[in-house]
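This report goes through one protein model and its ligand shell, core, helices and backbone angles. Please keep the sequence and the 3D view open while reading.

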Amino acid sequence: MAGKTALIVYAHQSPSSFNAAAKDAAVQTLTAQGYKVLVSDLYTMKFQPSATAADIKGDLKDPEHFVYNDEACAAWKEGRLSDDIKEEHNKLLEADLVIFQFPMYWFSVPGIMKGWIDRVLTQGFAFSLQNMYDNGIFKDKKALLSFTTGGPESMYLPDGINGDINIMLYPLQSGVLHFCGFQVLAPQIFWSVAHTPPDARKALLQAWQTRLKGIMEEQPLSFAPTELFDLTFQGGFRLRPEVKEARAVQPYGLTPGHHLGKRLPPDNQTKPAPRD
Ligand SMILES: Cc1cc2nc3c(=O)[nH]c(=O)nc-3n(C[C@H](O)[C@H](O)[C@H](O)COP(=O)(O)OP(=O)(O)OC[C@H]3O[C@@H](n4cnc5c(N)ncnc54)[C@H](O)[C@@H]3O)c2cc1C
């Protein structure tokens, strides 16, 4: 993988945590494979998570009515974003693979990582109405979520008390990563690490390292193809009527979001679709 760059966006406070071990394992394995590895260690960097006017250098376009997206997009075009955002932009531009390494907080990412998403995936730089989903700006890049949970896998099954993990993953994997065009690889989930025996934890890290060796050859997860939608304001960006009609006889919806009132496609956000 010489010539390839991996960016690890990492959020854990403790260097002795399992998340730190998973991050270190990825750095070691990818480096040994010939990747250049960049790490954004958000807590160590004291990454500022709030999207505010402080992100914009120079005069605001409309100081009376501050609209973050509009001001940040204009500042990006004119090179007036704050230096910390620019640095993350440069890392992202260089990356072929982006790994988000974090402990699950409230069914999502820790706030500091949500702040990275809010501030770094700037409108214009990371997405636009013309460039989203299959036509997204980062369509030549791959990304994956690698995270630990407190609860065991059984709690995250469709009949488990927390509900189906596929539904929890959809906002991040579809609404953030695929929206920006990323080819999203299956998540790496380390279930309930604190209640896993030490030897089993070591085996989990070894399996992660083995997976990373072939990560760029993996088939991405499948999302609703953008071409199925009427991409006009008049059409409301909705599924084309003929597509809806054709789906009527299918037992499953397209994704957890585009369920069409049907059963969710099993494992849609955790496994790539089987090849035809
Ligand atoms: C605000 C908040 C919200 C939360 N929300 C949720 C939620 O919605 N759902 C949920 O399921 N959980 C939730 N949790 C729990 C959280 O997800 C877990 O505590 C976290 O995922 C555990 O990961 P860790 O890296 O912190 O584990 P650690 O406690 O750091 O590590 C687990 C064990 O692995 C050991 N370890 C470290 N390095 C290695 C190594 N190299 N080899 C082998 N073992 C090693 C550690 O010593 C430790 O014994 C939440 C927690 C917080 C604080």
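What percentages of helix and strand does the chain have over residues 5-211, and how far apart are the end C-alpha atoms? Over that stretch the chain is 36% helix and 15% strand, and the end C-alpha atoms lie 17 Å apart. Helices (H or I, at least four residues) and strands (E, at least two) are DSSP runs numbered from the N terminus. An unreviewed UniProt entry annotates residues 5-211 as "domain: Flavodoxin-like fold"; UniProt positions are given in the numbering used here, feature names are shortened, and such annotations may be inferred rather than shown by experiment.

Residues are numbered from 1 along each chain as its sequence is written. The model is predicted: local features need pLDDT of at least 70, side-chain atom pairs count only at pLDDT 80 or more, and totals for chains, interfaces and linings use all residues.

**Ligand shell**

The ligand is surrounded by 22 residues, of which Ser17, Ala21, Pro103, Thr148 and Gly150 are the closest. A residue is near the ligand if its C-beta atom, placed from the backbone, lies within 6 Å of it. Helices α1 (18-32) and α6 (198-213) each give at least two residues to this shell, and α6 has the largest share, four residues. By type the shell has eleven nonpolar, nine polar and two charged residues. Here Ala, Val, Leu, Ile, Met, Phe, Trp, Tyr, Cys and Pro count as nonpolar, Asp, Glu, Lys and Arg as charged, and the others, Gly among them, as polar.

**Core and helix faces**

A residue is buried if 20 or more other C-beta atoms lie within 10 Å of its own, exposed if 12 or fewer, and partly exposed in between, with C-beta atoms placed from the backbone. A nonpolar core is a set of buried Ala, Val, Leu, Ile, Met, Phe, Trp, Tyr and Cys residues joined through C-beta atoms within 7 Å. The largest one has 57 residues, and Ala6, Val9, Val98, Ile99, Phe100, Met113 and Cys180 touch the most other members. Leaving out residues up to four places away in sequence, Ile99 touches Ala6, Ile8, Ala26, Leu144 and Ser146; contact means C-beta atoms, placed from the backbone, within 7 Å.

Helix α4 (residues 111-120) buries Ile112, Met113, Trp116, Arg119 and Val120. These residues are on the same side of α4 because they cover an arc of only 130° around the axis, the arc being that of the directions from the helix axis to the C-beta atoms. They pack against β1 (5-10), α3 (83-94) and β3 (97-103).

In α2 (residues 68-77) the buried residues are Glu71, Ala72, Ala75 and Trp76. Their arc is only 135°, so they too lie on the same side of the helix. The face turned away from them carries the exposed Asn69 and Lys77.

**Positive phi angles**

Most residues other than glycine have a negative phi. Three residues with a positive value are listed here.

| Residue | Phi | Place |
|---|---|---|
| Lys46 | about 50° | loop between β2 (36-41) and α2 |
| Gly79 | about 65° | just after α2 |
| Phe237 | near 60° | loop between α6 and α7 (241-247) |

Lys46 counts as exposed because it has 9 C-beta neighbours inside 10 Å. Phe237, with 13 such neighbours, counts as partly exposed.

**A distant contact**

Tyr170 is in helix α5 (residues 165-178). Tyr170 and Pro256 are 86 residues apart in sequence, yet their C-alpha atoms are 6.8 Å apart.

How values were computed
Contact = placed C-beta atoms within 7 Å.
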